[in-house]
Amino acid sequence: MSGSRTSWFTHDRFGMVIHWGLYAIPARGEWVRSMEKISVEDYQKYFDEFNPDSYDPKEWARIAKDAGMKYAVMTSKHHDGFCLFDSKLTNYKSTATKCGRDLVREYLDAFRGAGLKAGLYYSVIDWHHPDYPHYGDNFHPMRDNEAFKDAKHDFENYLDYMHGQVRELCTDYGKLDLLFFDFSYGKMSGEKWRGTELMKMVYDLQPGIVVNNRLEASGDQYGSIVSNNPSPYAGDFVTPEQIIPPNGIRRPNGEPVLWESCLTMNNNWGFSQFDKCFYPPEVIIRKLVEIVSKGGNMLLNVGPDARGRIPEESVKLLQTVGKWMRGNGASIYGCGGSGRAKPDFGRLTAKGEKFLYLHVTEQTICPVYIQGIKPADVKKVRLLSTGAELSTENTWVTAGYPDYLFIRLDEHGRPSYSLPDPMCTVIEIELK
C-alpha cells in the first residue's frame, strides 16, 4: 500500500457514492431484479424507457461539494448489467437508449471540473450477460428457474467481457482516483474473477488509483487485506457496509488498515419511491465524526430518480451537513484517531501531534474534559466554528483531577443549558 498514492484518501475522509441505473424506474431498490426474480425480457421495458431528462452532473457535483464531500464514486455498471458508459463490448448501455448519452463521462467531467476526486463503481456480477451463471447462483434472478437448470455458460467468456470493460474504464476516461469493485461471495471470489490478472491490469493502467477489497470480499467481510499476508488482489482499503467497525481495523501485527464505511441515508442504495426513512442530519454528522475518530472514511449514498434528480430529502440532509462542515471541517479533513480514550459525552479526532478536536454531543453538568492533558500543555482553546476563545477551568471543583484539562462551554457563574451547536459542538485544542 503506497502512502503517497493513498494520502488523499486518508485526508479527504468524506465522499459520495451514487447508485443509479434502470432500477430507478421501478423505484424499488437496486436489487429489484434479484428480489422479484424478474426475467431479462420483463426488465427490458425499463431499458426501452430510460431517458433521464433532468440529469445534470454539474448539479450533483455542486451538491456534493456544498456538503463538504471531497470525492465521489458512481455506478458505471451495477449487478443488472446495464452500463452507464459507452462500452464497445455491449449494446446494453445508456448510449443505446433514448438517452443516448455517456453518463459516466459526463459525471467524471463535472466532478473533476468542480475540483473533486472522481471514481467509479463496477460490479463484477452481471445478471444480463448470458454466460454469467444463472440457475443455482446465490443471487441471479433466474436462480430457481428450472428452464435454466441445464443451461451451459462459458464463464471464461464472461470474464473476458468483464476484464474488457474494466480495461475500457481504465483507458478511455482519463485519470480515475478510485475503483470500487462489487462484490465477491461464496466460491465467486479472488481467482474466480482472475483477480491477480485484473488487479495488475488496473494498477498498470491507472498507477495512482486506489482500489477496494471486494475482489475477495463483500460488505460483511474483509478479505486478506486484514491479514499479515494480503493477496495480490486484496486492494487498498476495506469497505464495511451499513456498519461502523467498533474499534477501527488493524492487521494481527497491529498495522492499521485503511477503511471506508459505505452507508445509506435511508434503507436503499438505489432510488425507492416509498422509502422515506431518512436519518436526521445530526446522525450523519455524528457518525462521520465517529468514523474519523476510528481512522476511517465515510462514503455516503445518494440514489437519483429515473429522471436523474437526487431526492429532495437527500439534498436537504446534505445541505445541513454541509453547513456544519463549513464551520467544523478542520476536525474531519486530515484527521484521524487521537489515541486517547473516548469521552463520555462525545468523540475525539486529532491532526498530527499538535491539534485535538473534542466533539461534544451531550450536555454535561461540569466543564467538558480530556484526560492526560494539563493546562500547561495547551497553547490555546477555541470553539472551532467561530474561533471564539474558550476558558479552561482551574478551580476548587477541578483541583482533585490534576491530569485532566477542563474546558468551559458557558460564562463563569452563568451556566448554559444548551450546547453552542446541539448537533455537534467542536472544540479545537492546540498543544504547545
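**Note on the two sheets, the pockets and the cavity**

1. S9 is mostly covered, with five of its six residues buried. The model is a predicted one, and the points below should be read with that in mind. Strand S9 spans residues 355-360 and is joined to S8 by six bridges, the two strands running antiparallel. Within that pairing, Leu 348 stands opposite Leu 358 in S9. Helix H8 (residues 281-293) packs on the sheet here and touches both S8 and S9. The direction of H8 makes about 50° with that of S8.

2. The S8-S9 connection is a hairpin, with three residues between the strands. Gly 352 sits in the turn and has a positive phi of about 65°. S9 also pairs with strand S14 (residues 425-431), again in the antiparallel sense and over six bridges. Leu 356 stands opposite Ile 429 of S14.

3. These strands belong to an open sheet of five, in the order S8-S9-S14-S11-S12, with antiparallel pairing. Strand S8 (346-351) and strand S12 (388-389) are at the edges. Each has a single partner strand, so one side of each is left without a neighbour in the sheet.

4. A further open sheet has seven strands and parallel pairing. Its order is S5-S4-S3-S2-S1-S7-S6. The edge strands are S5 (210-211) and S6 (260-263), each of which pairs on one side only. Strand S4 (residues 178-182) pairs with S5 in the parallel sense over two bridges. Leu 179 has Val 211 in S5 as its bridge partner.

5. How buried is S2? Seven of the seven residues of S2 are buried, so the strand is largely enclosed by the rest of the structure. S2 pairs with S1 in the parallel sense over four bridges. It pairs with S3, also in the parallel sense, over six bridges. Val 73 of S2 appears in both ladders: Val 17 stands opposite Val 73, and the bridge partner of Val 73 in S3 is Gly 119.

6. Helix H5 (residues 103-113) lies across three strands of this region. They are S1 (14-18), S2 (71-77) and S3 (117-123). H5 runs at about 155° to S3.

7. Ile 332 deserves a look. It is found in the loop between H9 and S8. Is Ile 332 buried or exposed? Ile 332 is buried, with a relative accessible area of 0%. Leaving aside neighbours within four places in sequence, Ile 332 is in contact with His 11, Arg 13, Leu 288, Val 289, Val 292, Trp 324 and Met 325. Ile 332 and Gly 68 are 264 residues apart in sequence, yet their C-alpha atoms are 9.9 Å apart in space.

8. The largest pocket has a volume of about 540 Å³. It is lined by 25 residues, and those closest to its centre are Arg 250, Ser 293, Lys 294, Gly 295 and Gly 337. By class, the lining holds 10 nonpolar, nine polar and six charged residues.

9. The second largest pocket contains about 310 Å³ of space. Its lining has 20 residues. Nearest the centre are Trp 31, Asp 182, Arg 214, Glu 241 and Trp 269. The lining divides into 10 nonpolar, six polar and four charged residues.

10. How many cavities of 30 Å³ or more does the structure hold? There is one. The largest cavity has about 120 Å³ of space. It is lined by 16 residues, with Asn 266, Phe 278, Gly 303, Pro 311 and Ser 314 nearest its centre. Strand S7 (297-302) and helix H9 (312-328) are the elements that give two or more residues to this lining. The lining of the largest cavity counts six nonpolar, seven polar and three charged residues.

Conventions. Residues numbered from 1 in each chain as written. Predicted model: local features only at pLDDT ≥ 70, side-chain atom pairs only at ≥ 80, totals over all residues. Heavy atoms only, no water. 1 Å grid on protein atoms, 1.4 Å probe; cavity = no way out; pocket = protein on both sides within 12 Å on 5 of 7 lines; lining within 4 Å. Points joined across faces, edges and corners; volume = space filled by probe spheres on them. Nonpolar A, V, L, I, M, F, W, Y, C, P; charged D, E, K, R; others polar. Pairing = 2+ DSSP bridges. Contact = heavy atoms within 4.5 Å. Axes fitted to C-alpha atoms, helices over the stretch in contact; angles between N-to-C directions. Buried < 20%, exposed > 50% of the residue type's maximum accessible area, 1.4 Å probe, protein only.
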